[in-house]
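Welcome! Let us take a friendly walk through a protein model, going from single residues to the whole chain and back again.

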Amino acid sequence: MKYKLETIPVWDAFKEDCECPFCQLQEKAEKRYLKYYLGNSAMNPETRVELNKTGFCPEHFSKLLLERSPQHLGLITHTHLQDWMDDRRKRFPSGGKGADPAESEKKKGLFSRKISAAAAYSRHCGQRSRRCLICDRIERTIKRYTFTTCYLWKRDEEGFREFMKNTKGFCIPHENALLLMAEEILKSSEQESFYADVKELQQKNFERLEEEINWFTQKFKAENNSKPWGSSEDAHYRVIQKLTGRLTPH
Ligand SMILES: [Zn+2]
Ligand SMILES: [Zn+2]
């Protein structure tokens, strides 16, 4: 697959003193997409069709609400609701005995046995309400950034390898995304050396963070009251970011 190189934003994010440059990039991308879906450009017919069908996950619906653009949000939720209503009319279970899974689901091998009509319906609704245009776009954006990172590492442009070794590493979800990209685009000899670099960087930084959160917990003991926090004061936020790939406001 072809990806676009985006060296400037990637370098800028790597230069920030943070637990994961991709979390920073992700947050910026998310802000852009939240604005986009509440702006006039999202009102074109093609985007509206996509919006009606897919909608947003619970997290992004909540974030759209916080953008305070009720008129646009009203318009898109109205037609999205109509799409859900059509879907429900077609799929609502009639009750009673168990139902065979739909043919399309059988083909995908999703069900090996009969499930009840209510269970099939509930599964469909659950899957549908987790789909999200913003999550999809963020995922594609992060692929461009992890591609760029592998490219910079491969070419060692402007001493990128050494620079990366001195960062604070990555959160777990973005570390995973980076390894998958490396597997996709690097030769196996390069992969070996890239994985070794990432492993060492991550190990060092998980140990550093573990020490910080340890001191954070010790600070609540009376005998440590007057001792300095050092870098531990917001360690709990950074541990959560490291584990979840989400920046939390603090
Ligand atoms: Zn991250
Ligand atoms: Zn989402």
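We begin with N225, which is exposed because just 8 other C-beta atoms lie within 10 Å of its own, and 12 or fewer counts as exposed. You can find N225 in the loop between α11 and α12. Please keep in mind that this is a predicted model.

**How confident is the prediction?**

The mean pLDDT of the chain is 92, and 93% of the residues reach 70 or more. Confidence is highest in α10, with a mean of 98, and lowest in helix α6 (residues 103–107), with a mean of 58. As a rule, where pLDDT is low, the predicted coordinates should not be read in detail.

**The whole chain**

How many helices and strands are there in the chain? There are 12 helices and 0 strands. Following the sequence, you therefore meet one α after another, in the pattern α-α-α-α-α-α-α-α-α-α-α-α.

Next, look at the overall dimensions. Along the principal axes, the C-alpha atoms of the chain fill a box of roughly 65 × 55 × 45 Å. The chain has a radius of gyration of 23 Å, whereas a compact globule of 250 residues would have one near 18 Å. Of the 250 residues, 20% count as buried. Contacts can also link distant parts of the sequence: among contacts in the chain with a separation of 6 or more, 69% are between residues 24 or more positions apart.

**Two domains and the helix between them**

The chain is divided into domain 1 (20–133) and domain 2 (135–244). The centres of domain 1 and domain 2, taken over C-alpha atoms, are 32 Å apart. Where the domains meet, 13 residues of domain 1 are in contact with 12 residues of domain 2. On the domain 1 side that touches domain 2, helix α2 (residues 21–37) gives the most, with 8 residues. By class, this side of domain 1 has 10 nonpolar, 2 polar and 1 charged residues.

Helix α2 deserves a second look. What span should its 17 residues have at 1.5 Å a residue? The expected span is 24 Å, and the end C-alpha atoms of α2 are 25 Å apart, so the two values agree. The buried residues of α2 are P21, F22, C23, L25, Q26, A29, E30, Y33 and Y37. These buried residues pack against α1 (7–15), α4 (58–66), α8 (133–155), α10 (172–185) and α12 (235–244).

**Buried or exposed?**

Now back to single residues. Why is F194 buried? F194 has 22 other C-beta atoms within 10 Å, and a residue counts as buried at 20 or more, so F194 qualifies. F194 lies in helix α11 (residues 188–218). Leaving aside residues up to four places away in sequence, F194 touches W153, A182 and L186.

Y151 in helix α8 is partly exposed, because its 19 other C-beta atoms within 10 Å fall between the two cut-offs of 12 and 20.

Two loop residues share a backbone feature. In general, most residues other than glycine have a negative phi. R68 has a positive phi of about 55° although it is not a glycine, and D156 likewise has a positive phi, of about 50°, without being a glycine. R68 is found in the loop between α4 and α5 (70–91), while D156 sits in the loop between α8 and α9 (160–165). R68 is exposed, with 8 other C-beta atoms within 10 Å. D156 is exposed too, with 12 other C-beta atoms within 10 Å.

**Along the chain and through space**

Finally, here are some pairs of residues, with their separation along the chain and the distance between their C-alpha atoms.

| Pair | Separation along the chain | C-alpha distance |
|---|---|---|
| F194 and R89 | 105 residues | 52 Å |
| Y151 and T7 | 144 residues | 9.1 Å |
| N225 and D156 | 69 residues | 46 Å |

Take a moment to find each pair in the structure. Y151 and T7 are 144 residues apart along the chain, and their C-alpha atoms are separated by 9.1 Å. For N225, where our walk began, the C-alpha atom is 46 Å from that of D156.

Note on methods:
Residues numbered from 1 in each chain as written. Chains lettered and ligands numbered in written order. Predicted model: local features only at pLDDT ≥ 70, side-chain atom pairs only at ≥ 80, totals over all residues. Domains from an automatic or database assignment. Contact = placed C-beta atoms within 7 Å. Helix = DSSP H or I, 4+ residues; strand = E, 2+ residues; numbered from the N terminus. Nonpolar A, V, L, I, M, F, W, Y, C, P; charged D, E, K, R; others polar. Expected span 1.5 Å × (residues − 1). pLDDT = per-residue confidence, 0-100. Rg over C-alpha atoms; globule rule 2.2 N^0.38 Å.
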